[in-house]
Amino acid sequence: MAATAPGVRAGGSGWTWRPVARDALLARAFHSCTELGGRFYLVGGLLAGGTTVPSSDTVLFDPADAQAVRLGAQGSAPRSHHDATSLGGRWLCIVGGWDGSRRLATVVVLDTERGAWEEWKAAPDNCPPAGLSSHTCTRLSDRELWVAGREGGVRTQRRYGSLYKLKLDPGARTYCYKEEGCHTASRSGHCAALLQTPGLHPGHQLLLFGGCNSAELEVAGQWTHGKIKEQPPVAPQLTEQLARLVSSKQGSRQGPRGLRHHSCSVVGPFAVLFGGESLTRARDKICNDLYIYDTRESRKSPSLWFHFPCADRGLKRVGHRTCLWNDQLYLLGGFGEDGRTACPQVYTLDLSV
């Protein structure tokens, strides 16, 4: 597969997505994309708009040489609208999703050392949700995830504001859901960001963005200093570029309203959101806007949103993913402007500031 040469800058003022690779294997939406060992694992998803049958394949994309290959691991199953995270530098953990006939709450794991899928078993005291799709799954440690968002069967979506703690035991190959006492607004197709709180002894907070008509973010969890040992990827150059980009605009307390199936990546003190589908528009619903949420204490003001419109309609995306690796933010997959055609290109965020 040949890399695509950078084209004319057609994104927004001071930024765009620069094409770096293209492969038909990567054309999918509502998949998961997880960095593990310097490679991106794209799992499942829908290969075209209008279909309800998800893909069962797993594709590895190596950003270092811009190559994509299909993984021939045993035991994969169809899955879309799921979420995924890496565990212990070895396992790729897939939580919930749609299998073509029902929503699931099961946990399946790819052992990258053995190259095989494993269906982990529920622990005896497991209290699972009825089913999960378009939810979020955030890693607090290799043994604990937090699951937020949509829950229910095909015919009912009740109690989809529930929060679940998902305990994992890699040694026993088991998992256990426990519903938390607190609830959030009903959300699906939202995103979650685990961000440090500012201060001399920073803690962490889990924020939920979008997935409903409101423009308000929601704090789904808070932890004091030292409770969470999770170390996010370091991206000093990209963090500095984002800081310069937001310094060029006036921030707002108001975030994007009615946005869902967008992407979100944490880069230092910033949450970077892109694209998605608008719940507030009757037409032209698929978006190509960049939003940056700035949590830095040095601003001497509450956390602010920065909105960067995009002039290139070819960059409209929904059901896509962004991944951070080697100080660069990558954009993979998603349906384009028509909501039906999957994008085979890979992009990196290019900030000319």
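How do strand 24 and strand 25 pair, and over how many bridges? They pair in the antiparallel sense, over five bridges. That hairpin has its own legend below, after a look at the whole protein.

**Before you start.** This is a predicted model, in which local features need pLDDT of at least 70 and side-chain atom pairs count only at pLDDT 80 or more, while totals for chains, interfaces and linings use all residues. Residues are numbered from 1 along each chain as its sequence is written, and side-chain values use heavy atoms, with hydrogens and water left out.

**Figure 1. The whole protein, for orientation.** Welcome to a protein with one helix and 26 strands. Helices (H or I, at least four residues) and strands (E, at least two) are DSSP runs, numbered from the N terminus. Along the principal axes, the C-alpha atoms fill a box of roughly 55 × 45 × 40 Å. The radius of gyration is 19 Å, which agrees with the value near 20 Å for a compact globule of 353 residues; the radius is taken over C-alpha atoms, and the globule rule is 2.2 Å times the number of residues to the power 0.38. Of the 353 residues, 55% are buried. Here buried means under 20% relative accessible area, exposed means over 50%, and partly exposed lies in between (1.4 Å probe, protein chains only). Among contacts with a separation of 6 or more, 56% link residues 24 or more positions apart, a contact being heavy atoms within 4.5 Å.

**Figure 2. Strand 7 between two partners.** Where does strand 7 run? It covers residues 91-98, and eight of its eight residues are buried, so strand 7 is largely enclosed by the rest of the structure. Strand 6 (residues 83-87) pairs with strand 7 in the antiparallel sense over five bridges; two strands pair if DSSP finds at least two bridges between them. Look for Leu87, whose bridge partner in strand 7 is Trp91. Three residues separate the two strands of this hairpin, and Gly88 in the turn has a positive phi of about 60°. Strand 7 also pairs with strand 8, again in the antiparallel sense, over seven bridges.

**Figure 3. Strand 8 and its hairpins.** Strand 8 spans residues 103-111, and eight of its nine residues are buried, so the strand is largely enclosed by the rest of the structure. Two pairs show how strand 7 meets strand 8: Leu92 stands opposite Leu110, and Cys93 stands opposite Val109. The hairpin of strand 7 and strand 8 has four residues between the strands, with Gly100 in the turn at a positive phi of about 105°. Strand 8 is also joined by four bridges to strand 9 (residues 116-119), and these two run antiparallel. Here Val108 has Glu119 in strand 9 as its bridge partner. This hairpin, too, has four residues between its strands, and Gly115 takes a positive phi near 70°.

**Figure 4. Arg173 in a loop.** In general, most residues other than glycine have a negative phi. Arg173 has a positive phi of about 60° although it is not a glycine. You can find Arg173 in the loop between strand 13 (162-169) and strand 14 (174-183). Its relative accessibility is 25%, so Arg173 counts as partly exposed.

**Figure 5. The hairpin of strand 24 and strand 25.** This view returns to the opening pair. Strand 24 covers 321-325 and strand 25 covers 328-332, with Asn326 in the loop between them. Two residues lie between the strands of this hairpin, and Asn326 takes a positive phi near 55°. Is Asn326 buried or exposed? At 53% relative accessibility, Asn326 counts as exposed. Further along the pairing, Thr322 has Leu331 in strand 25 as its bridge partner.

**Figure 6. Val219 and its surroundings.** Val219 lies in strand 17, which covers residues 218-223. With a relative accessible area of 40%, Val219 is partly exposed. Which residues does Val219 touch, not counting residues up to four places away in sequence? They are Gln205, Leu206 and Leu207. For a sense of scale, Val219 and Gly38 are 181 residues apart in sequence and 31 Å apart in space, C-alpha to C-alpha.
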